[in-house]
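These are my notebook entries on one structure. I set down what I looked up, topic by topic.

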Amino acid sequence: MILLSMRLRSSMQIYPRYAVVSTTQAPTPSFFNLLLRSCFNWTFLLLLVSVILLIVFGIQQEGPSSGWLEGAVGAFAIIMFVVVSTMRKYFFVPRSRITARQMEVKVRRGGNLLHVFPSDVVPGDIVCLELGSLVPADGLFVFTGESLLLEDGMDFPTVDDNNPFLVYGARVVNGNGRMLVTCVGMGTTLGELMGQVRCAPNQDQLLAQMDKLSTRLQNVGHLITILTTLVLFIRSLVLKDNEYPGLQADQLKGKIAASEELIHVIGRFFMKSFGGISVATYLPLLIVGLSEGVPFSVALAITYWTKATLFGKAIAQRTLACFAMGFVSTICIGGGLTSNPVLEVDMSYDGKQIIDIESVAEIHKHVREALYNGIGAPLMIPSSPCSSTEHQLLLPWAKSNLGLDNENLLQSCTIEKSEKLSSDEEASRVLMKDSETGDMCLYWSGPETTILPMCSEYYDSNGTTKPMDEQKKRDFKESISNMQSKHLKTIAFAHKKIDALMPEEEDQSLILIALLGVNKGYTETMEALEVLRKAGVDVIEFPKDTESVLSEGESPIYRMGRPSDKLHTVQRLKDKGHVVAMVGTRTKETPAIKEADVGIAMGTSISEMAREGSDLIIHCGSLSFLVNIIRTGRCIRYNIQKYIQVELTANISVLMIILVTTISLGHCTIGAFEALWVTILVTVCALALLLEPPTEELMEKKLIKQTESLISKHMWRNILLQALYQASISVALQLKWKALPGINEKTMESIVFNSYVLCQVFNLVSAREPEKKNIFKGILRTPWLWVAVAISIPMQVTFIEIAHKAAGNARLDWGQWGVCLLVAMVSWLIDLVGKCVWSVIMKNRITIGSDIGSTSMSSAAASESASSRELLASTHAHCSKSGQENLILSKLMIRCCS
């Protein structure tokens with residue numbers, strides 16, 4: 001053995017001393033380091049200089065008692081800019097992943113017994129494996145009469161003299177033994193696969209979009225500020241009126257070169273001489289509200305929904321993992337995590353016992369026909385509201401076990417009416433008419449808690465009806481308890497012959513046909529697959545090993561189970577633009593998990609390497625939980641768009657108001673504290689839109705691409721319409737207020753400001769549905785929106801009263817408050833008219849485009865065919881070596897791309 005070890009040491013390459021290079025990550029920067037980086041920012045320095053000048057000239061103009069107030073507002077905005085920016089970046093910093101604890105292993109090297117870390121193991125070492133040890137490298141088992149039981153995800157291979165190969169990453173769960181190390185590091189099977197992982201997945205699409213949006217908003221804020229300053233400077237040189245105390249043109253002649261005159265001119269722009277708000281004060285408020293308020297709120301929403309969705313069920317090792325799941329178009333499921341469980345059905349019709357599948361055919365034909373009709377009736381009408389997943393799953397079972405044909409049912413019967421019960425949405429009834437005799441029979445199905453109390457009779461073993469007494473009800477309940485103890489979902493079927501009129505839902509004279517118990521895991525999985533199909537998400541399942549599945553009329557199709565096949569499949573899907581989520585548990589699936597856009601380790605038995613390389617660790621193995629995560633990811637995306645629409649509307653409208661009134665009047669009625677109040681109120685209240693819960697409709701919408709802009713065309717339409725309306729009303733009031741009776745300038749300023757704030761509150765409701773005309777649909781499901789509206793209006797009333805007492809602003813009476821509310825409510829009408837006009841324009845555009853598009857259908861089909869051939873060709877080149885495996889992968893890719 002020592003001689004063999006020495007030969008291996010001399011002949012094999014000594015690889016670097018690490019297990020898997022790609023699992024390492026850069027150290028996480030601290031909050032303090034990020035804070036320092038935010039301070040060394042040109043925007044921060046610009047704001048700091050403007051605030052210093054604002055304080056200096058404010059004290060010079062008004063004295064130390066009140067001259068520093070606007071400077072304090074600007075300083076507060078700068079502090080918020082730095083802190084909020086740092087917190088946003090800190091939220092999205094990659095967190096340290098769950099890693100295996102570095103345990104020392106015993107190795108025999110050169111005749112000496114050493115204790116080393118797994119990363120220090122080299123080829124030729126003899127490793128002593130004990131209970132709980134992690135296999136530190138690839139090697140051969142040294143058989144000493146005792147075998148080893150390993151755990152690798154959901155696999156539990158046995159290593160003995162017949163199977164002596166050990167692979168890095170598995171853990172010993174039973175036995176003791178020794179291993180001769182043959183490969184370490186990148187030379188192991190896992191290392192070679194990790195070397196084929198091309199790059200880290202594109203995890204920062206949202207961050208890039210938010211940074212791009214933040215930069216653009218900062219540039220817009222700087223541009224508006226410079227433009228406003230330029231307008232004020234021109235007015236100070238040109239205008240000569242008593243209302244505007246600007247500099248006169250002759251005052252600057254021959255004096256521009258003097259430093260004291262330049263300081264005097266600069267000071268004019270940092271004082272309140274030009275209106276209620278100074279340019280230097282509004283600059284930091286604008287930049288904080290626009291560029292940092294939106295990204296920070298988005299970070300809070302993502303953190304909240306991630307914790308709310310995964311609480312107690314999963315762990316997110318990447319902050320944006322749940323959000324990224326909303327864009328997934330393909331889910332690849334690794335070996336051992338089947339998406340097709342076996343259907344198990346238990347049946348009871350006389351209350352005495354649960355019938356085996358073999359005994360179902362012995363049931364009286366009359367009972368079998370009634371049960372088959374009860375299962376198949378809701379499925380006879382396409383898109384029937386009574387057609388549930390349970391009926392769809394039980395129909396094949398009924399065909400094979402009840403010995404009846406669905407074609408005969410369609411020919412001999414017709415459906416007159418079907419409806420769900422108002423008392424229980426899972427229960428339904430279908431009125432069926434026999435085409436030959438004209439008899440009407442009403443079939444009921446649903447949970448046993450709803451159907452069983454409505455039954456007064458049941459069928460015995462001879463197919464005759466018997467009264468349902470209390471003892472028989474107890475017998476049926478005992479059968480139900482037995483089914484539920486086996487985790488089966490119980491469904492009751494009953495019927496009744498009636499006349500043409502439908503009876504009441506509370507009818508207590510039904511005949512119980514049978515009770516069926518269906519395993520919940522099967523129904524949940526089938527429902528999840530159906531939801532994913534409607535959502536446009538494909539599911540590809542890899543087997544545990546290369547196995548054959550014989551299809552009818554086809555040659556055997558071998559599904560791929562090799563780790564390299566999984567990795568290359570994920571790569572090919574990503575090359576074609578798919579967003580891929582890879583689900584796995586085993587060490588060999590780690591490269592595919594790392595390559596995927598979202599790597600998921602799911603199940604109760606997960607290998608250490610799969611756990612380290614994944615973005616999500618899901619404790620349960622239910623496919624329905626993946627559906628919930630995808631629904632949450634889409635919900636976050638749509639909520640972010642709603643929030644951005646509200647924020648942009650508020651800030652664009654106030655920019656337009658400031659710009660137009662400054663050009664026309666030389667000042668703006670919105671002061672520094674009013675601007676700060678609006679920024680805080682809109683940012684806080686709009687958080688209610690980020691907290692809207694997910695709905696089932698999200699899984700029926702078109703799949704969104706990860707690269708699509710956060711601001712859609714519908715959003716720009718809504719933003720511009722609302723901003724133009726708000727700016728027009730505010731500017732019109734400021735220009736024409738003298739024509740209104742009983743209103744002075746102070747009252748006008750309060751009305752303008754109050755109307756602007758109320759428009760933002762009402763816009764919260766409009767932003768709930770950026771595309772649909774009915775903005776009130778589902779509003780009862782959003783309690784946080786009701787809280788935001790209920791809090792914001794009293795807070796605005798309080799602010800108006802405080803401004804009246806503290807700053808001398810005008811107090812509004814009930815009539816003036818009614819005018820402000822009317823102005824805000826008109827924004828709903830503007831939203832409805834804009835969407836109606838938009839829909840008419842788009843409908844005409846689609847009609848014209850359909851004529852043009854029909855001529856290009858053939859070319860598009862040819863392009864799609866060429867794209868499929870290109871995908872298959874690239875798959876052949878990268879994935880397999882043998883022609884048979886190329887055929888395997890080609891058929892799999894055809895299924896996933898169809």
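Does K89 count as buried, partly exposed or exposed, and at what relative accessibility? I looked up the value in the model, which is a predicted one. K89 counts as partly exposed, because its relative accessibility is 35% and the class runs between the limits of 20% and 50%.

**Entry 1: helix α4 and its surroundings**

I placed K89 in helix α4. I then looked for a residue distant in sequence and noted P295, which is 206 residues away along the chain. The C-alpha atoms of K89 and P295 are separated by 9.3 Å.

I turned next to Y90, which also lies in helix α4, a run of residues 69-91. Y90 has a relative accessible area of 34% and is partly exposed. I recorded two C-alpha separations for Y90. From F32, 58 residues apart along the chain, the separation is 9.9 Å. From N33, 57 residues apart, the separation is 10.0 Å.

I followed the second of these to its other end. N33 is found in helix α2, residues 31-39. With 37% relative accessibility, N33 counts as partly exposed.

**Entry 2: the antiparallel sheet**

I traced an open sheet of six strands in the order β2-β1-β3-β9-β4-β7, with antiparallel pairing. Why is one side of β2 and of β7 left without a neighbour in the sheet? Strands β2 (112-116) and β7 (165-166) stand at the edges and have a single partner strand each, so one side of each has no neighbour there.

I examined the pairing of β2 with β1 residue by residue. Strand β1 comprises residues 105-109, and five bridges join β1 to β2 in the antiparallel sense. K106 stands opposite H115 in β2, and V107 has L114 as its bridge partner in β2. I also checked the connection: β1 and β2 form a hairpin with two residues between them. In that turn, G110 has a positive phi of about 65°.

**Entry 3: the mixed sheet and strand β24**

I traced a further open sheet of six strands, whose order is β10-β25-β24-β23-β11-β20 and whose pairing is mixed. Its edge strands are β10 (314-316) and β20 (538-541), each of which pairs on one side only. On average, neighbouring strands of this sheet are turned by 15° against each other, direction ignored.

I then asked which residues cover the two faces of β24. On one side V598, I600 and M602 are buried, and on the other G599 and A601 are buried, so far as the limit of under 20% relative accessible area defines the term. Strand β24 spans residues 598-602, and five of its five residues are buried.

For the neighbour β23, residues 580-584, I noted parallel pairing with β24 over four bridges. I wrote down two of the partners: M582 is bridged to G599 in β24, and G584 is bridged to A601 in β24.

**Entry 4: the second largest pocket**

I looked up the volume of the second largest pocket and found about 890 Å³ of space. Three elements give two or more residues to its lining, namely α20 (623-665), α23 (713-736) and α26 (814-854). Which element gives the most? Helix α20 does, with six residues.

I counted the lining from the residue list: 33 residues line the pocket, and Y638, Q641, K701, P770 and E771 lie nearest its centre. By class, the lining has ten nonpolar, eight polar and 15 charged residues.

**Entry 5: the crossing of α20 and α23**

Since both helices had appeared in the pocket lining, I looked up how they meet. The axes of α20 and α23 come within 8 Å and cross at roughly 35°. The crossing of α20 and α23 is right-handed. I sorted the residues of the contact of α20 with α23 by class and recorded 15 nonpolar, eleven polar and no charged residues.

I set this beside the pocket entry: the contact of α20 with α23 has no charged residues, whereas the lining of the second largest pocket has 15.

How values were computed:
Residues are numbered from 1 along each chain as its sequence is written. This is a predicted model: local features need pLDDT of at least 70, side-chain atom pairs count only at pLDDT 80 or more; totals for chains, interfaces and linings use all residues. Side-chain values use heavy atoms; hydrogens and water are left out. On a 1 Å grid over the protein atoms alone, a cavity is a set of points where a 1.4 Å probe fits but cannot get out, and a pocket is an open set with protein on both sides within 12 Å along at least five of seven lines; lining residues have an atom within 4 Å of a point. Grid points are joined across faces, edges and corners, and a volume is the space filled by probe spheres set on the points. Ala, Val, Leu, Ile, Met, Phe, Trp, Tyr, Cys and Pro count as nonpolar, Asp, Glu, Lys and Arg as charged, and the others, Gly among them, as polar. Axes are lines fitted to C-alpha atoms, for helices over the stretch in contact, and angles run from 0 to 180 degrees between N-to-C directions. A crossing is left-handed if the near helix is turned anticlockwise from the far one by less than a right angle, and right-handed if clockwise. Buried means under 20% relative accessible area, exposed over 50%, partly exposed in between (1.4 Å probe, protein chains only). Two strands pair if DSSP finds at least two bridges between them.
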